[in-house]
Amino acid sequence: MKTPTLFTPLQLGALTLSNRIVMAPLTRMRAGMPGNIPTALNATYYRQRATAGLIVTEATPISATGHGYFHTPGIHTPAQAEGWKLVTDAVHQAGGKIFLQLWHVGRQSHNDLQPGGALPVAPSAIASGGQSPVAPGIFKTQPVPRALETTEIPTLVDDYRHAAALAQIAGFDGVEIHAANGYLLEQFLSDHANVRTDRYGGSLANRARLLLEVTAAVTAVWSGERVGIRLSPANTFGGIQHKDRLGTYRHVVNELNPFKLAYLHLVEPRVAGNSDLDTFDDTLSSHHFRELISGDTRLISAGGHSRASGVQTVESGQADAVAYGRQFIANPDLVARLATDAPLNSYDRTSFYGGAGQGYIDYPFLSPQPSVT
Ligand SMILES: Cc1cc2nc3c(=O)[nH]c(=O)nc-3n(C[C@H](O)[C@H](O)[C@H](O)COP(=O)(O)O)c2cc1C
């Protein structure tokens, strides 16, 4: 029987992936403190999962104001880049490839996590309505944020550039710009979260401007063939609303084409954040954007994939690769399990966020097969 294409190599920008199974970005909140610095524990976790065709790291704040969850690793200090080097070395030694996800949470934060206890920053002074985990077991309501001044935007873009440069020092294979799940870049895209009257608000072209400026800054550090972008056209997490989702995201995908990116990573409408939905708008499924993507830019589909849907999605040409999130938490050897159709470990939600090695590096691998004598 023919090997499903999901398990075959893929040229993704400058990289040749050994298979089309991507480890989705997964926030786990286990950085070394103080300093939000990755440690040997984090290196072990990622090394265990290095058989993924590509690992995309957990979302990683590009600046001190970009943090919105406790104990998330950053990429804004030299010490954090040093810490990430442990991770990239471990993954590379195990034969894997790894991109860093660049993150700014915008309004999805709380003063407790901000430098000097200041208000979180956002396109406009409109609260998300959500809560932030500010310390283990403690959630606080996200306040009405402070709207960024127009004159602050170049510094924000420069923070992305600086973080992208630190990611190179840290030894990553490339970076993914996080423009999904209701964080800063999606807040700018939304005509509900963004009511600015300057060149970053109002028209669709204006609301997409920050994302495109960030993409220009990041692709000036890494060439486009080592940069991906994550978008979630159907997302409502973080209080996100749009009057015209399809129009917004068709515009964004068209405007990203000139950057000749390695990939677009689209979150399917059947998931919201880290949970499944019963009803969703299929017109926002990733394959509807495929016809708009030009050149060699690949499409990665994420959200709610099983073995069968992953195989089918790639076989039918709806996407070039498939990302798995929750299944990678519980199955370090997910690729081997999917390839042999072996049973999967089930994930434990209570250990998703925070803590140490339990629920992080102790999920079992498939037992070694008995040798035939
Ligand atoms: C524990 C957890 C943490 C997550 N953290 C991130 C993140 O840091 N960045 C991101 O873009 N998505 C994040 N997500 C969303 C996943 O990348 C993925 O889109 C989602 O889990 C749906 O895929 P799945 O059904 O394969 O799990 C997270 C999901 C979970 C369960």
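Student: In which sense do strand β5 (residues 98–103) and β10 pair, and over how many bridges?

Tutor: The pairing is parallel, over 4 bridges. Keep in mind that this is a predicted model. To call two strands paired, look for at least two bridges between them.

Student: Which residue of β10 is the bridge partner of Q101?

Tutor: Look at E176, which is the partner of Q101. Now turn to β11: β10 pairs with β11 too, in the parallel sense, over 5 bridges. There H178 has R230 of β11 as its bridge partner.

Student: Where does this chain of pairings lead, and how many strands are in the barrel?

Tutor: Follow the strands round and they close into a barrel of 8, with parallel pairing. The order is β3-β4-β5-β10-β11-β12-β15-β16. From one strand to the next the twist averages 25 degrees.

Student: How many bridges join β3 (residues 21–23) and β16 (residues 321–324)?

Tutor: Count 3 bridges, again in the parallel sense. M23 has Y324 as its bridge partner in β16. V22 stands opposite A323 of that strand.

Student: What joins strand β15 (residues 298–302) to β16?

Tutor: These two strands run parallel and are joined by 3 bridges. I300 is matched with A321 of β16.

Student: Next, burial. How many residues of strand β10 (residues 174–179) are buried?

Tutor: Start with the cut-off: a residue is buried if 20 or more other C-beta atoms lie within 10 Å of its own. By that test, 6 of the 6 residues in β10 are buried. Then read the strand face by face. G174, E176 and H178 are buried on one side, and V175, I177 and A179 are buried on the other. Both faces of β10 are therefore covered.

Student: Which residues cover the faces of β16?

Tutor: A321 and A323 are buried on one side. V322 and Y324 are buried on the other. Both faces of β16 are covered.

Student: Now a helix. How far does α7 (residues 245–256) reach from its first C-alpha to its last?

Tutor: Compare the reach with 1.5 Å a residue. α7 has 12 residues and reaches 17 Å, close to the 16 Å expected.

Student: Which residues of α7 are buried?

Tutor: R245, T248, Y249, V252, V253 and L256 are. Look down the helix axis: the buried residues of α7 fall within an arc of 125 degrees, so they line one face of the helix.

Student: What do the buried residues of α7 pack against?

Tutor: The helices are α4 (184–189), α5 (204–207), α6 (209–221) and α8 (287–290). The strands are β11 (227–231) and β12 (263–267).

Student: What about helix α1 (residues 40–48): which residues are buried there?

Tutor: N42, A43, Y45, Y46, R47 and Q48 are buried. The buried residues of α1 pack against β4 (54–61), α2 (78–93) and β5.

Student: Let me try the loops. What is the peptide bond from M33 to P34, cis or trans?

Tutor: Read omega, which is near 0 degrees here, and the bond is cis. P34 sits in the loop between β3 and α1.

Student: What is the phi of M29?

Tutor: Check the sign and the residue type together. M29 has a positive phi of about 55 degrees although it is not a glycine. N36 also has a positive phi, near 55 degrees, in a residue other than glycine. M29 lies in the loop between β3 and α1, and N36 lies there too.

Student: Is N36 buried or exposed?

Tutor: N36 is buried, because 23 other C-beta atoms lie within 10 Å. M29 has 17 C-beta neighbours inside 10 Å, so M29 counts as partly exposed.

Student: Where does T150 lie?

Tutor: Find the loop between β9 (146–147) and α3 (153–169). T150 is partly exposed, with 13 other C-beta atoms within 10 Å. T150 and V311 are 161 residues apart along the chain, and their C-alpha atoms are separated by 46 Å.

Student: Last, the whole protein. How many helices and strands are there?

Tutor: The protein has 11 helices and 16 strands. Of its 373 residues, 52% are buried.

Student: How does the radius of gyration read for 373 residues?

Tutor: Set it beside the value for a compact globule, near 21 Å. The protein has 19 Å, which agrees. Along the principal axes, the C-alpha atoms fill a box of roughly 75 × 45 × 40 Å.

Conventions
Residues numbered from 1 in each chain as written. Predicted model: local features only at pLDDT ≥ 70, side-chain atom pairs only at ≥ 80, totals over all residues. Expected span 1.5 Å × (residues − 1). Buried ≥ 20, exposed ≤ 12 C-beta atoms within 10 Å, placed from the backbone. Arc of directions from axis to C-beta. Contact = placed C-beta atoms within 7 Å. Rg over C-alpha atoms; globule rule 2.2 N^0.38 Å. Axes fitted to C-alpha atoms, helices over the stretch in contact; angles between N-to-C directions.
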